[in-house]
Amino acid sequence: MTRRNASDTFDIGGELTVHRLGYGAMRLTGEDIIGEPDDVENAKRVLQTAVSLGVDFIDTADSYGPGVSERLIGETLAPYADDLVIATKGGLLRNREGDWLRSGGSPDSLRNALLASLDRLRTDTIDLYQYHRVDPDVDLEDSVTALAELKDDGVVGHVGLSNVSVEQLETARDIVDVATVQNQYNLGNRDSEAVLDVCESNDIGFIPWFPLGAGDLGEKASVLGDVADAHDASKYQVALAWLLQHSPVTLPIPGTSSISHLKENVAASHLELTDEEMRRLDE
(Lines give C-alpha, C1' and ligand atoms only; values in the text may rest on other atoms or scores of the structure.)
Protein backbone atom coordinates (compact mmCIF):
# COMPACT_ATOMS: atom_id res chain seq x y z
CA MET A 1 0.00 0.00 0.00
CA THR A 2 1.34 3.43 -0.97
CA ARG A 3 1.50 5.71 2.05
CA ARG A 4 0.89 9.45 1.95
CA ASN A 5 3.00 12.06 3.71
CA ALA A 6 2.18 11.80 7.42
CA SER A 7 4.80 14.23 8.74
CA ASP A 8 3.53 17.06 10.89
CA THR A 9 3.64 20.65 9.66
CA PHE A 10 5.82 23.73 9.98
CA ASP A 11 4.97 27.32 9.10
CA ILE A 12 7.79 28.74 6.95
CA GLY A 13 8.13 32.41 7.76
CA GLY A 14 5.18 32.00 10.10
CA GLU A 15 2.71 31.66 7.25
CA LEU A 16 3.57 29.01 4.64
CA THR A 17 2.30 25.77 6.16
CA VAL A 18 4.04 22.69 4.77
CA HIS A 19 4.46 19.07 5.76
CA ARG A 20 7.92 18.79 7.23
CA LEU A 21 9.00 15.98 4.89
CA GLY A 22 9.59 17.61 1.52
CA TYR A 23 11.31 16.71 -1.72
CA GLY A 24 14.68 17.87 -3.03
CA ALA A 25 14.72 18.18 -6.82
CA MET A 26 18.47 18.12 -7.45
CA ARG A 27 18.42 14.53 -8.76
CA LEU A 28 15.94 15.33 -11.54
CA THR A 29 18.81 16.41 -13.79
CA GLY A 30 21.38 14.45 -15.74
CA GLU A 31 24.45 12.68 -14.37
CA ASP A 32 26.55 14.77 -11.97
CA ILE A 33 23.68 17.29 -11.78
CA ILE A 34 24.44 18.45 -15.33
CA GLY A 35 22.06 18.64 -18.29
CA GLU A 36 18.81 16.85 -19.02
CA PRO A 37 17.81 13.62 -17.30
CA ASP A 38 17.96 10.47 -19.41
CA ASP A 39 14.18 10.13 -19.08
CA VAL A 40 12.44 13.50 -18.96
CA GLU A 41 8.97 12.00 -18.68
CA ASN A 42 10.06 9.93 -15.68
CA ALA A 43 11.40 13.07 -14.00
CA LYS A 44 8.03 14.73 -14.47
CA ARG A 45 6.22 11.68 -13.11
CA VAL A 46 8.39 11.81 -10.00
CA LEU A 47 7.28 15.39 -9.38
CA GLN A 48 3.64 14.53 -9.98
CA THR A 49 3.87 11.51 -7.70
CA ALA A 50 5.46 13.54 -4.92
CA VAL A 51 2.57 16.00 -4.97
CA SER A 52 0.00 13.20 -5.16
CA LEU A 53 1.54 11.68 -2.00
CA GLY A 54 1.06 14.88 -0.04
CA VAL A 55 4.48 16.44 -0.47
CA ASP A 56 3.83 20.18 -0.50
CA PHE A 57 7.39 21.52 -0.15
CA ILE A 58 9.77 21.17 -3.10
CA ASP A 59 13.31 22.54 -3.01
CA THR A 60 15.59 23.20 -5.99
CA ALA A 61 18.28 25.63 -7.18
CA ASP A 62 19.20 27.47 -10.36
CA SER A 63 22.55 25.63 -10.44
CA TYR A 64 20.95 22.19 -10.75
CA GLY A 65 21.37 21.50 -14.42
CA PRO A 66 22.07 24.44 -14.51
CA GLY A 67 18.45 25.56 -14.85
CA VAL A 68 17.14 22.09 -15.71
CA SER A 69 15.52 21.24 -12.38
CA GLU A 70 13.70 24.57 -12.16
CA ARG A 71 12.46 24.28 -15.73
CA LEU A 72 11.12 20.76 -15.22
CA ILE A 73 9.26 21.88 -12.10
CA GLY A 74 7.72 24.79 -13.98
CA GLU A 75 6.72 22.66 -16.95
CA THR A 76 5.22 19.94 -14.74
CA LEU A 77 3.57 21.69 -11.82
CA ALA A 78 2.77 25.28 -12.84
CA PRO A 79 0.33 26.84 -12.25
CA TYR A 80 0.97 25.75 -8.70
CA ALA A 81 -1.64 24.58 -6.21
CA ASP A 82 -2.26 27.10 -3.45
CA ASP A 83 -0.80 24.77 -0.82
CA LEU A 84 2.37 23.87 -2.78
CA VAL A 85 5.51 25.76 -1.72
CA ILE A 86 8.39 25.96 -4.18
CA ALA A 87 11.80 26.97 -2.86
CA THR A 88 14.84 27.68 -4.97
CA LYS A 89 18.34 29.02 -4.48
CA GLY A 90 20.65 31.47 -6.22
CA GLY A 91 24.15 32.77 -5.67
CA LEU A 92 26.20 29.66 -6.45
CA LEU A 93 27.04 29.51 -10.13
CA ARG A 94 27.84 26.37 -12.05
CA ASN A 95 29.18 25.85 -15.53
CA ARG A 96 28.35 23.09 -17.99
CA GLU A 97 31.51 21.22 -17.04
CA GLY A 98 30.15 20.78 -13.52
CA ASP A 99 32.41 23.25 -11.73
CA TRP A 100 30.86 25.09 -8.77
CA LEU A 101 31.75 28.78 -8.98
CA ARG A 102 31.41 30.66 -5.70
CA SER A 103 31.07 34.04 -7.35
CA GLY A 104 27.38 34.74 -7.66
CA GLY A 105 26.64 36.79 -4.55
CA SER A 106 26.78 40.34 -5.86
CA PRO A 107 23.48 42.22 -5.74
CA ASP A 108 23.27 42.35 -9.54
CA SER A 109 24.03 38.63 -9.87
CA LEU A 110 21.36 37.72 -7.34
CA ARG A 111 18.75 39.93 -9.02
CA ASN A 112 19.53 38.45 -12.44
CA ALA A 113 19.45 34.92 -11.04
CA LEU A 114 16.08 35.59 -9.43
CA LEU A 115 14.61 36.85 -12.70
CA ALA A 116 15.81 33.73 -14.53
CA SER A 117 14.36 31.48 -11.82
CA LEU A 118 11.00 33.25 -12.05
CA ASP A 119 10.94 32.55 -15.77
CA ARG A 120 11.93 28.87 -15.51
CA LEU A 121 9.54 28.20 -12.65
CA ARG A 122 6.72 30.04 -14.47
CA THR A 123 5.73 32.17 -11.52
CA ASP A 124 5.60 35.80 -10.47
CA THR A 125 6.84 35.17 -6.94
CA ILE A 126 9.31 32.70 -5.45
CA ASP A 127 7.80 31.39 -2.21
CA LEU A 128 11.21 30.89 -0.58
CA TYR A 129 14.40 32.23 -2.17
CA GLN A 130 17.65 31.10 -0.57
CA TYR A 131 21.17 32.46 -0.84
CA HIS A 132 22.93 29.26 -1.92
CA ARG A 133 26.42 29.93 -0.60
CA VAL A 134 28.14 33.02 0.76
CA ASP A 135 30.36 34.60 -1.89
CA PRO A 136 33.80 35.22 -0.32
CA ASP A 137 34.33 38.24 -2.58
CA VAL A 138 31.11 40.05 -1.61
CA ASP A 139 30.15 41.43 1.79
CA LEU A 140 27.38 39.28 3.23
CA GLU A 141 25.47 42.41 4.20
CA ASP A 142 25.34 43.52 0.54
CA SER A 143 24.05 40.15 -0.64
CA VAL A 144 21.37 39.89 2.04
CA THR A 145 20.30 43.51 1.52
CA ALA A 146 19.66 42.67 -2.15
CA LEU A 147 17.49 39.73 -1.08
CA ALA A 148 15.61 41.95 1.37
CA GLU A 149 14.91 44.40 -1.45
CA LEU A 150 13.61 41.59 -3.66
CA LYS A 151 11.30 40.61 -0.83
CA ASP A 152 10.11 44.21 -0.52
CA ASP A 153 9.45 44.21 -4.27
CA GLY A 154 7.15 41.21 -3.87
CA VAL A 155 9.06 38.85 -6.19
CA VAL A 156 10.33 36.89 -3.19
CA GLY A 157 7.96 35.75 -0.47
CA HIS A 158 10.52 34.71 2.13
CA VAL A 159 14.31 34.76 2.35
CA GLY A 160 16.45 31.78 3.33
CA LEU A 161 20.15 31.09 3.68
CA SER A 162 22.25 28.04 2.87
CA ASN A 163 25.65 26.85 4.03
CA VAL A 164 26.07 29.45 6.76
CA SER A 165 27.60 29.69 10.21
CA VAL A 166 25.89 31.00 13.33
CA GLU A 167 27.71 34.32 12.91
CA GLN A 168 26.59 34.66 9.29
CA LEU A 169 23.03 33.78 10.23
CA GLU A 170 22.97 36.44 12.93
CA THR A 171 24.43 39.01 10.54
CA ALA A 172 21.68 38.28 8.04
CA ARG A 173 18.95 38.39 10.68
CA ASP A 174 19.91 42.00 11.44
CA ILE A 175 18.92 42.83 7.85
CA VAL A 176 15.96 40.61 6.96
CA ASP A 177 13.65 38.05 8.55
CA VAL A 178 15.34 34.74 7.78
CA ALA A 179 12.69 32.07 7.24
CA THR A 180 14.95 29.03 6.74
CA VAL A 181 18.52 27.81 6.84
CA GLN A 182 19.71 24.96 4.62
CA ASN A 183 22.93 23.34 5.82
CA GLN A 184 24.43 19.88 5.46
CA TYR A 185 23.13 17.77 8.33
CA ASN A 186 22.32 14.11 8.87
CA LEU A 187 22.68 11.34 11.40
CA GLY A 188 26.38 11.00 10.64
CA ASN A 189 27.22 14.70 10.25
CA ARG A 190 26.02 17.13 12.90
CA ASP A 191 28.55 19.91 12.35
CA SER A 192 25.68 22.41 12.08
CA GLU A 193 24.12 21.56 15.46
CA ALA A 194 24.79 25.09 16.75
CA VAL A 195 23.02 26.56 13.72
CA LEU A 196 20.10 24.23 14.32
CA ASP A 197 19.94 25.44 17.92
CA VAL A 198 19.60 29.04 16.76
CA CYS A 199 16.87 28.00 14.33
CA GLU A 200 14.95 26.21 17.08
CA SER A 201 15.17 29.24 19.37
CA ASN A 202 13.83 31.56 16.67
CA ASP A 203 11.30 29.34 14.86
CA ILE A 204 13.44 29.27 11.72
CA GLY A 205 13.02 26.25 9.48
CA PHE A 206 16.16 24.11 9.21
CA ILE A 207 16.48 22.24 5.90
CA PRO A 208 19.11 19.51 6.18
CA TRP A 209 20.67 18.89 2.81
CA PHE A 210 22.32 15.52 2.22
CA PRO A 211 19.79 14.16 4.75
CA LEU A 212 20.82 10.56 4.12
CA GLY A 213 24.53 11.25 3.81
CA ALA A 214 24.45 9.54 0.39
CA GLY A 215 24.15 6.29 2.30
CA ASP A 216 27.40 6.88 4.22
CA LEU A 217 26.23 6.91 7.84
CA GLY A 218 29.49 5.69 9.29
CA GLU A 219 29.52 4.26 12.80
CA LYS A 220 25.75 4.68 13.05
CA ALA A 221 25.18 1.94 10.47
CA SER A 222 24.97 -0.93 12.96
CA VAL A 223 22.55 0.89 15.27
CA LEU A 224 20.50 1.92 12.27
CA GLY A 225 20.35 -1.69 11.18
CA ASP A 226 18.99 -2.79 14.56
CA VAL A 227 16.36 -0.04 14.64
CA ALA A 228 15.39 -0.65 11.02
CA ASP A 229 14.89 -4.37 11.70
CA ALA A 230 12.63 -3.55 14.66
CA HIS A 231 10.39 -1.47 12.41
CA ASP A 232 10.63 -3.61 9.27
CA ALA A 233 12.04 -0.53 7.57
CA SER A 234 15.20 0.44 5.70
CA LYS A 235 18.13 2.20 7.36
CA TYR A 236 17.44 5.23 5.21
CA GLN A 237 13.84 5.42 6.36
CA VAL A 238 15.05 5.35 9.96
CA ALA A 239 17.56 8.12 9.20
CA LEU A 240 14.71 10.28 7.86
CA ALA A 241 12.50 9.47 10.84
CA TRP A 242 15.36 10.47 13.14
CA LEU A 243 15.65 13.85 11.42
CA LEU A 244 11.92 14.46 11.82
CA GLN A 245 11.97 13.56 15.52
CA HIS A 246 15.30 15.18 16.37
CA SER A 247 13.93 18.72 16.10
CA PRO A 248 10.52 20.28 15.42
CA VAL A 249 12.02 22.74 12.92
CA THR A 250 13.77 20.27 10.61
CA LEU A 251 12.44 20.02 7.05
CA PRO A 252 14.19 17.03 5.41
CA ILE A 253 14.17 17.09 1.62
CA PRO A 254 15.39 13.67 0.41
CA GLY A 255 15.88 13.65 -3.33
CA THR A 256 15.56 10.87 -5.85
CA SER A 257 14.83 10.24 -9.51
CA SER A 258 13.06 6.96 -8.69
CA ILE A 259 9.35 6.74 -7.97
CA SER A 260 9.84 3.64 -5.83
CA HIS A 261 12.49 5.38 -3.72
CA LEU A 262 10.26 8.43 -3.45
CA LYS A 263 7.46 6.27 -2.05
CA GLU A 264 9.87 4.70 0.45
CA ASN A 265 11.02 8.14 1.59
CA VAL A 266 7.46 9.36 2.07
CA ALA A 267 6.59 6.17 3.98
CA ALA A 268 9.33 7.09 6.48
CA SER A 269 7.00 9.80 7.77
CA HIS A 270 4.92 7.01 9.35
CA LEU A 271 7.80 5.68 11.48
CA GLU A 272 7.71 6.51 15.19
CA LEU A 273 11.00 5.85 16.93
CA THR A 274 10.96 5.12 20.64
CA ASP A 275 12.80 7.29 23.17
CA GLU A 276 15.33 4.50 23.62
CA GLU A 277 15.90 4.24 19.86
CA MET A 278 16.39 8.01 19.62
CA ARG A 279 18.86 7.86 22.52
CA ARG A 280 20.90 5.13 20.83
CA LEU A 281 20.95 7.03 17.55
CA ASP A 282 21.89 10.28 19.31
CA GLU A 283 24.89 8.78 21.12
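**Note on pockets, a cavity and a helix pair**

1. In this predicted model, strand β6 (93-94) and helix α3 (107-121) each supply at least two residues of the lining of the second largest pocket. The largest share of that lining comes from α3, with four residues.

2. The second largest pocket has a volume of about 170 Å³. Its lining is made up of D62, S63, P66, G67, L92, L93, R94, S109, A113, A116 and R120. Sorted by class, five of these residues are nonpolar, three are polar and three are charged.

3. Helix α3 also meets helix α2 (residues 68-77). Their axes come within 7 Å and cross at roughly 40 degrees. An angle of that kind is neither under 35 degrees nor in the range from 65 to 115; α2 and α3 are therefore oblique to each other. Two packed helices are described by the angle between their axes and the distance between the axes.

4. Which residues form the contact of α2 with α3? From α2 come E70, R71, I73 and G74, and from α3 come S117, R120 and L121. By class, the contact has two nonpolar, two polar and three charged residues. R120 appears here and also in the lining of the second largest pocket.

5. The largest pocket has a volume of about 810 Å³. It is lined by 32 residues, and those closest to its centre are M26, R27, F210, P211 and G255. The class count for this lining is 13 nonpolar, 14 polar and five charged residues.

6. Two helices should be named for the largest pocket. Both α8 (235-246) and α9 give at least two residues to its lining. The largest share comes from α9 and amounts to three residues.

7. The structure also holds one cavity of 30 Å³ or more. The volume of the largest cavity is about 40 Å³. Around this cavity lie the lining residues L21, G22, Y23, V55, P254, L262, N265 and V266.

8. Which helix gives the most to the lining of the largest cavity? That is helix α9 (residues 259-267), with three residues. Helix α9 thus has a part in two linings, that of the largest cavity and that of the largest pocket.

9. How many charged residues does the lining of the largest cavity have? There are none: the lining consists of six nonpolar and two polar residues. The lining of the largest pocket, by comparison, has five charged residues, and that of the second largest pocket has three.

Key
Residues numbered from 1 in each chain as written. Predicted model: local features only at pLDDT ≥ 70, side-chain atom pairs only at ≥ 80, totals over all residues. Heavy atoms only, no water. 1 Å grid on protein atoms, 1.4 Å probe; cavity = no way out; pocket = protein on both sides within 12 Å on 5 of 7 lines; lining within 4 Å. Points joined across faces, edges and corners; volume = space filled by probe spheres on them. Nonpolar A, V, L, I, M, F, W, Y, C, P; charged D, E, K, R; others polar. Axes fitted to C-alpha atoms, helices over the stretch in contact; angles between N-to-C directions. Parallel < 35°, antiparallel > 145°, perpendicular 65-115°, else oblique. Contact = heavy atoms within 4.5 Å.
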